[in-house]
Amino acid sequence: MEVYLDIIWALNFLFDSLLLYLTAIILKRDVRLWRIFAGGLIGSVIILLSITPLHSYAGHPITKLLFSIVMVLTSLGFKRIRFFLKGLMTFYLVTFLIGGSIIGVHYFLKFDFKLSSSVLIASVKGFGDPISWLFVLIGFPIAWHLSKRNMEAIEITKIQYDSLIKVIIQINDVSYSFKGLIDSGNQLYDPISKMPVMFVSIRERVTDFPEDLVEMAKNPEKIILGAEEVAPDWENRMRIIPYSVLGQEHQLIIAIKPDKILIEKEDELYHVESGLVSFSIQQLSPDDAFQCIVHPKMLTSTRRAEVKHA
C-alpha cells in the first residue's frame, strides 16, 4: 500500500490549525494566526513520529495529551492555570464534536457490518481508516462551519436567557404574567408623559384578555382613525404614541396605562413606578422564548414591592 505521508501530514496540520482556531473563537480569545498555525504544526509532528522508531510512543495517550498541552500553550498562551485548563478542555470538546460529527454522518450514510475487521485491517496497515480521506476532507469543513454556527447560536441563546425576566401586568384587578426580554434597543417613550413603553404579545392568550383590549391589539389603525370606538374606561387608559422603525417613519401605536407593572428579577419583586404597555397580536419571538419587550428604563425606575405575587 502506498502512503502519501506529505498529504496526510498536510491534512493533519490544516485540521489541527482549524480546531485551534475554532477553540479560540468559542473562548473569545484574541490570538494571532501565526500562533494558531504554530500550534497546528506542533500537532502534526505526531504524524511524522509514527514512521520513526518512536512510533510505539507516538500513539500513546500520554504522548497525545502532552502534544495537546503544547499545542494549546503555543496557540492560546498561559495566564493562569484556570485559563489554560479552560482552553485545553474546549480544544478537546471541539475535537470530539467535529470528529464525532464526521464519524456519525459517515456511518449514517454507509454502515459496514464488517466494521471491526475494517478497523483491524486499517490499524495493521498503519495509516488509513474505514472513513475515506476524501470524505474527511469534504466533511471536516462542513462540520467545522456547522459547529461554529451552533456554538454562536448557543451563546446568543444564553445571552438572551440571561436577559429574560418575569413581568406581571395588572389591569382591572387581573394579573397577567409574561416572560420579558430586556432590550436596550427599545427607546420608545410617550412624548407627553415621558413614560417608557413596553411591547407585549397576546397572540397565544387572546381569550384571557378583555374584548376591547384584544380589538386594540388587532386593529389599532381603526381605533386611531376613529373607525371603531372603545369603552370610556379604556379611553382614559389609552395613549396614542408616535414611533418609527427602519424604513417606516411617523407610525402610531396604542399604549395602555395599566394599574400596576411588576418585574421579578433574581427572586425579588419590583414595582415599576411608571410605564405604558402596547399590546399586539404579533409574535415577538419565533420560538416563543419571550412574550414582551421590556424598556430598560423600567428597570431603573423601580422600587421593591411589599408583597410577592403568587
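**Working chat: pockets, cores and a loop**

Author: Let me start with one residue. Setting aside neighbours within four places in sequence, Ile 256 is in contact with Leu 213, Met 216, Trp 234, Arg 237, Met 238, Leu 276, Val 277 and Phe 279. Keep in mind that this is a predicted model.

Reader: OK. Where does Ile 256 sit?

Author: Ile 256 is in strand 5.

Reader: Is Ile 256 buried or exposed, and why?

Author: Buried. Ile 256 has a relative accessible area of 2%, and buried means under 20%, so the label fits.

Reader: How far is Ile 256 from Asn 236?

Author: In sequence, Ile 256 and Asn 236 are 20 residues apart. In space, they are 8.9 Å apart, C-alpha to C-alpha.

Reader: Zoom out for me. How many helices and strands does the chain have?

Author: Eleven helices and ten strands.

Reader: And what share of the residues is buried?

Author: The chain has 310 residues, and 35% of them count as buried.

Reader: What about the surface of the chain?

Author: The accessible surface comes to about 19200 Å². Carbon and sulfur atoms account for 60% of that.

Reader: How much of the contact count comes from residues 24 or more positions apart?

Author: They make up 66% of the contacts in the chain with a separation of 6 or more.

Reader: Now the inside. How many residues are in the largest nonpolar core?

Author: It has 28 residues. Met 198, Val 200, Met 216 and Phe 279 have the most contacts inside this core.

Reader: Which elements supply the core?

Author: Strands 1 (164–171), 2 (174–182), 3, 5, 6 (260–265), 8 and 9 (292–294), plus helix 8, each give at least two residues to this core.

Reader: Why would nonpolar side chains end up together?

Author: In soluble globular proteins, nonpolar side chains tend to be buried together.

Reader: Back to Val 200. What does Val 200 touch?

Author: Not counting residues up to four places away in sequence, Val 200 touches Ile 169, Phe 178, Val 277, Ser 278, Phe 279, Ser 280, Leu 284, Gln 291 and Cys 292.

Reader: What other core lies apart from the largest nonpolar one?

Author: Another core, of 14 residues, lies apart from it. Among its members are Leu 19, Met 71, Phe 84 and Phe 91.

Reader: Let's try Thr 23. Where is Thr 23 found?

Author: Thr 23 is in helix 1, which covers residues 5–27. Thr 23 is buried, because its relative accessible area is 0%.

Reader: What does Thr 23 touch?

Author: Leaving out residues up to four places away in sequence, Thr 23 touches Leu 76, Gly 87, Thr 90, Phe 91 and Val 94.

Reader: And Ser 75, buried or exposed?

Author: Buried, at 0% relative accessibility. Ser 75 is in helix 4, residues 61–76. Beyond residues up to four places away in sequence, Ser 75 touches Leu 20, Val 31, Arg 35, Ile 36 and Gly 39.

Reader: New topic: pockets. What volume does the second largest pocket have?

Author: About 770 Å³.

Reader: How many residues line the second largest pocket?

Author: It is lined by 32 residues. Phe 199, Tyr 243, Ile 253, Ser 278 and Gln 282 lie nearest its centre.

Reader: Which strand supplies the largest share of that lining?

Author: Strand 5, with six residues. Other elements that supply at least two lining residues include strand 3 (197–201), helix 8 (211–218) and helix 9 (220–225).

Reader: How does the lining split by class?

Author: The lining has 19 nonpolar, ten polar and three charged residues.

Reader: Strand 4 next. What can you say about Pro 242?

Author: Pro 242 lies in strand 4. At 41% relative accessibility, Pro 242 counts as partly exposed. Beyond neighbours within four places in sequence, Pro 242 is in contact with Leu 188, Pro 191, Gln 251 and Leu 252.

Reader: How far apart are Pro 242 and Leu 252?

Author: Ten residues in sequence, and 4.4 Å in space, C-alpha to C-alpha.

Reader: Last one. What's in the loop between strand 1 and strand 2?

Author: Asn 172 is in that loop, and Asp 173 lies there too. Phi of Asn 172 is near 55°, a positive value in a residue other than glycine. For Asp 173, phi is near 65°, also positive.

Reader: How accessible is Asn 172? And Asp 173?

Author: Asn 172 is partly exposed, at 44%. Asp 173 counts as exposed, at 71% relative accessibility.

Key
Residues numbered from 1 in each chain as written. Predicted model: local features only at pLDDT ≥ 70, side-chain atom pairs only at ≥ 80, totals over all residues. Heavy atoms only, no water. 1 Å grid on protein atoms, 1.4 Å probe; cavity = no way out; pocket = protein on both sides within 12 Å on 5 of 7 lines; lining within 4 Å. Points joined across faces, edges and corners; volume = space filled by probe spheres on them. Helix = DSSP H or I, 4+ residues; strand = E, 2+ residues; numbered from the N terminus. Nonpolar A, V, L, I, M, F, W, Y, C, P; charged D, E, K, R; others polar. Buried < 20%, exposed > 50% of the residue type's maximum accessible area, 1.4 Å probe, protein only. Contact = heavy atoms within 4.5 Å. Areas by Shrake-Rupley, 256 points an atom, 1.4 Å probe, with all protein chains shown as cover. Core = buried A, V, L, I, M, F, W, Y, C linked by side-chain atoms within 4.5 Å.
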